[in-house]
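Reader: Before I rely on any of the labels attached to this protein, I would like to go through how each one is justified.

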Amino acid sequence: MAARAKEFPPDSPWQPLRNFGLTRQEGAAEAIADRVQELILARDLPDGARLPSERDLAALLSTSRPTVSQAVRILVIKGLVESRRGSGVYVRLRPEATLAASMGLMLEMEPGSVGQLAEVRLTLETSAVVRAVERATPEELDRAEEALRAFADSGGDTASWMSADTRFHATLVSAAHNTYLASMFDSVHTTLINHEYRTWIDNGTVPDWLASERIPALTAIHAPILDAVRRRDVEAALYAVRHHHEVMRANLERAG
């Protein structure tokens with residue numbers, strides 16, 4: 001006998017979704033993502049809150065699990081939730097979401113400017129890593145190490161990879177102890193991955209360079225950044241950041 005879907009108590013923040021009618025299948029995932037986004041931005045869902053399972057959300061909305069999976073992937077690329085393979089999906093509140101939305105609109109109007117935005121991300125990250133070398137605490141470096149280890153569980157899952165990669169870079173950038181720099185980086189990074197990964201997210205596919213057997217190589221271009229910050233080596237950190245950006249850009253260009 002199949003397990004019954006979870007029953008949500010009357011005071012659950014998810015109860016409003018029970019009356020959320022999906023009148024047509026086309027665009028249902030986007031509609032669900034929009035509604036969950038409203039709950040997050042209204043602070044009905046606190047930072048770090050775990051989303052119900054895909055099965056439970058599908059039952060609550062009277063829709064299919066693939067539709068819910070697509071909605072979750074949309075929320076991941078918006079930077080509103082974080083997918084942790086084997087653990088679940090968690091809310092990630094970001095005050096800079098409005099800035100990311102503005103940048104996303106600019107990129108949508110001028111898609112040819114993606115290279116310029118990538119330059120901005122590199123500039124912000126190189127600036128942040130210099131300050132992280134000076135200011136990062138042992139606890140922050142441990143959190144970056146934890147994010148790096150999450151790469152091992154992200155192979156073959158585009159959403160999990162995006163979440164692990166974002167957490168790694170955001171953790172190191174935040175170690176610069178400059179709120180505005182961290183917010184700008186997060187906005188630019190979110191806008192770029194939304195643009196760069198959108199096709200794979202929409203199709204539920206995984207690029208060849210993100211297959212499970214490729215994860216060690218991807219980890220190997222990230223690890224030197226953290227290692228250099230731990231050693232307080234500015235030159236090595238700058239080289240590692242630039243090398244990482246070059247390799248990732250080549251991966252994306254080859255995948256087309």
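Author: Let us begin with the elements: helices, of at least four residues, and strands, of at least two, are DSSP runs numbered from the N terminus. This is a predicted model, and from the N terminus on its elements run α-α-α-β-β-α-α-α-α-α-α-α, with 10 helices and 2 strands in the protein.

Reader: How do you know that the end C-alpha atoms of helix α9 are as far apart as they should be?

Author: Helix α9 has 16 residues, 215-230, which at 1.5 Å a residue should span 22 Å, and because its end C-alpha atoms are 22 Å apart, the two values agree.

Reader: What makes you say that α9 bends, and where?

Author: The bend is the angle between axes fitted to the seven residues ending at a position and the seven starting there, and at Ile-221 it is about 30 degrees, with a proline, Pro-224, following within four residues. Just after α9, Arg-232 takes a positive phi of about 60 degrees.

Reader: Which residues of α9 are called buried, and what covers them?

Author: Buried means under 20% relative accessible area, and in α9 the residues that meet this include Ile-215, Leu-218, Ile-221, His-222 and Ile-225. Their cover includes α5 (114-135), α6 (138-149), α7 (158-174) and α10 (234-255).

Reader: How much of the whole protein counts as buried?

Author: By that cut-off, 49% of its 256 residues count as buried, while the accessible surface comes to about 12,900 Å², of which 51% belongs to carbon and sulfur atoms.

Key: Residues are numbered from 1 along each chain as its sequence is written. This is a predicted model: local features need pLDDT of at least 70, side-chain atom pairs count only at pLDDT 80 or more; totals for chains, interfaces and linings use all residues. Side-chain values use heavy atoms; hydrogens and water are left out. The expected span of a helix is 1.5 Å times one less than its number of residues. Buried means under 20% relative accessible area, exposed over 50%, partly exposed in between (1.4 Å probe, protein chains only). Contact means heavy atoms within 4.5 Å. Accessible areas come from the Shrake-Rupley method with a 1.4 Å probe; for residues, only the protein chains shown count as cover.
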